[in-house]
Amino acid sequence: REKHPYYNLTVKILRARNIKGTDLFSKADCYVELRLPTASPVTYRTQVIDNSSDPEWNETFRYRINSAVKNTLELTLFDEDVLVSDELTSVVFDVTGIKPGRPVKNTFKLKEDKEELDVVFLLEKSLDLPTEVLTNGVLVAYPCLSLQGVINKDEKFKLTEHGTNQFKLSLPGSYEKQLNIPCKLDSDQNCEIPFAFHIGKDMCSELGVEVEQTITVLQEQSMNLHVKAEQIKRNLDVRLGFDLCHEERQFLDKRKKIVSQALSKALKLREDPSKEEVPVIAVLGSGGGIRALTSFYGSLLGLQQLNLLDAVIYLCGISGSTWCLSTLYQDPEWSCKDLRQAINNAQDKISSSKVGAFSSERLKYYFQELNAMENEGCKASFTDLWGLIVEYFLLQKEDPSKLSDQQEAVKKAQNPYPIYAAVNVRPNVSGDDFAEWCEFTPYEVGFRKYGAFIRTEDFDSEFFMGRLIKKHPEPRICFLLGMWGSAFAASLDDVFLKVVGSGLSFLESLGDVVKVIDDSKRFHFRDPMRLKTRLVIPGGPLLQTFQDFFKSRVTAGETFNFMQGLFLHKDYVNLNKFVAWKGTHLDAFPNQLTPMEENLYLVDGGFSINSAFPLVLQPERDVDVILSFNYSWEAPFEVLQLTQKYCKEREIPFPEIILNKEDEEHPKECYMFIDAENARAPIVLHFPLVNDTFYKYKAPGKERESEEEVEFGDFAVEGKDSPYRTLNFTFDPHEFDRLVELNCYNVLNNKDAILEALNLALNRRKLKNDNNRRR
């Protein structure tokens, strides 16, 4: 909880100079729009100055701002047109650092050719008392008001004949924004209509009411409006914090006892390590469709046969690997049983025909499910349809289970803790440019970037300002499977990035140009948390349309944003989870970040990194060893290189990935990467999907002898004729068994490397504990 003072901000738009409009035969018709969403839901604008290159306005606009949040003013210069006004230039100005009582005149250099905009800023202390806010250092929650109201029709409200009236109520800045309430009236009946809005206590807004009548003519109208505002007193329904949730911490306490015994047995230790000495081991499965699902079964079988499955604390999946995990966790005791039975069940489903997924009966079922979602108030999309198809591919029946049901599988810490990965993207921004990792566990769904989490049971319900506004049923897990494995949500730019190795670079020349202006010294802004001023020059409407075509994700599903109504803290850039130091990165534009959006666009995490390293590299999870199983066809080390870049940008400890030409061209079964000088960096064991020695050995040290054994091992995983291509969803039993056994063998054949890594981790954990005690 923090208290911060209010300030009154005055912005005076003086004039602009040397402005070149978009019309060929006349000068620009200029006006300026002002947007400060942390203080007002209204976008203000100046008057239009017609046919002038040097428009002068001298118009003043006033805001009341709270100093707890990052207040970033957007000034956008337009050339008015009959149909659509043309955006000329936009200035993004962080008001942090302006000294109260001292006017600051800023001349913004808009473009070349001496185009300029003169603006005066004045910050003054407000007489309003400071308000207490809740914050985790990244997000800020203001007090929230619930406005409950009733519209009453009195006796004078009469119609010439029976008709239908509609009450239109609007409250800018509220969650509901506008309510359209139909009211059937007759002359002998009173009408009482309830309504409700939710809005921030500090948000200045006006309630607008209109009465629209259709069909009949309204003779006279009279009504009473009763409104009551109450502050919502209950605790936030969004957990703001970066610590692990209570249930995960409880799991760790129990699981480490099991891990301690497993390590003691596997490493032949004299005594079981204490809870503080137990290294945290995470297993990661990459994406790759049914190939990844099948391979992950084999890798986990190999760990089980080495008696190391009980040593694993976290089991993390992305894309196709999540399909394997979600099936396993339907059995609360799965890791305590022989995995062969689960693998045989999976083989039956993967080997069966998928034609039934598109039968008339099944299509009718899809329609009913999607229609039910819409009736519940949720947003059905192609991603949800894909989830229903995946449900058939994996189970051939309706699966009523939900992610929260998997709490039974970790309640006693009898299995590793599952983490499922997705990334939040923007519909028209490349995943390589912007992707925020979202984790799904049996207890919580959330973003560690923002330190914002909700109960898994509340996912896809409606939230505002950290409060649950409208509860929807938790989605069945099949809909999450569609999201986690939504490879089809790629834009054309993403496709080129994955297939060719680079995106459509020519698109960058068509997009907005962002220039960073360091004006802190000029105006003596000394706050190190202040963002530098950004000048955004748009590419133009035609070019923007062209860019949107290549970068849009028309099939990406939408879910309700549980961070809506929360604002970014004034010092959010101080956290290394943000890369705001990159001038053009979206992290440097707080008004455009996810808390300001109405929806989340959650898609396959492979659009960012095809293995969920970011979810286990958070310092709160304190992972010591990562077993990385890569099931991609091409670029077997790409996930490591992308992770290294990700960690470098955010100052996260990660070992350096050094490879030679031989590794790139002929990868081995297992690689170990370690930072010998930094115990905080995890040891990474990376397993590419290769048939390196399996073709020759049926088990470690046992060569293949019979013709049948040789034939079983002699196959290429890759190739245009391979059955294991990503878009193939059916393997015959022979193909399925081969892939399972290959991945199992690659684990067994590298037993020594795994045990060496675990021994090293035990020693490094002691060193890490010693360093922590010294701090």
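Okay, let's start with one residue sitting on another: Arg650 lies over the face of Tyr646, and the distance to the ring centre is 3.9 Å. Before I go on, please keep in mind that this is a predicted model.

Both of those residues belong to helix α11, and both are on its list of buried residues, along with Val639, Leu640, Thr643, Cys647 and Glu649. So what covers the buried residues of α11? The answer includes strands β24 (436–440), β36 (671–673) and β37 (683–687), plus helix α10 (613–616).

Let's check the length of α11 too. The helix runs over residues 638–650, which is 13 residues, and at 1.5 Å a residue it should span 18 Å; the end C-alpha atoms are 19 Å apart, so that agrees. Right after α11 comes Glu651, with a positive phi near 55 degrees.

There's another arginine over a ring elsewhere. This time the charged end of Arg530 sits over Phe93, 5.1 Å from the centre of the ring.

Now, rings with rings. How many aromatic pairs does a search of the whole structure find? It finds 36. Take Tyr44 and Phe61: their pair is tilted, with 6.0 Å centre to centre and 35 degrees between the planes. Tyr44 lies in strand β4 (residues 44–45) and Phe61 in strand β5 (residues 56–66), so this pair ties together parts that are 17 residues apart in sequence. Are these two buried or partly exposed? Tyr44 is partly exposed, at 28% relative accessible area, whereas Phe61 is buried, at 10%.

Next, Trp323 and Trp386. They're a tilted pair as well, 6.5 Å centre to centre with 55 degrees between the planes. Trp323 is in helix α3 (residues 320–328) and Trp386 is in helix α6 (residues 382–395), so here the parts tied together are 63 residues apart in sequence. Both tryptophans are buried.

Rings can also join up in a group: Phe447, Tyr450, Phe463, Phe562, Tyr572 and Phe578 are linked into a cluster by ring pairs.

Last stop, helix α14, residues 733–748. It has 16 residues and reaches 22 Å from first C-alpha to last, close to the expected 22 Å. Why do we call α14 largely enclosed by the rest of the structure? Because 12 of its 16 residues are buried. Among them are Phe736, Leu739, Val740 and Tyr745, and also Glu735 and Arg738. And at the start of α14, Asp732 has a side-chain oxygen that reaches to within 3.0 Å of the backbone nitrogen of His734.

That's my tour, thanks!

Conventions. Residues numbered from 1 in each chain as written. Predicted model: local features only at pLDDT ≥ 70, side-chain atom pairs only at ≥ 80, totals over all residues. Heavy atoms only, no water. Phe/Tyr/Trp six-rings, centres within 6.5 Å; stacked < 30°, edge-to-face > 60°. Helix = DSSP H or I, 4+ residues; strand = E, 2+ residues; numbered from the N terminus. Buried < 20%, exposed > 50% of the residue type's maximum accessible area, 1.4 Å probe, protein only. Lys NZ or Arg CZ within 6 Å of the ring centre and 35° of its normal. Expected span 1.5 Å × (residues − 1). Polar contact = N/O pair within 3.5 Å; in protein donor to acceptor, adjacent residues only side chain to side chain. Contact = heavy atoms within 4.5 Å.
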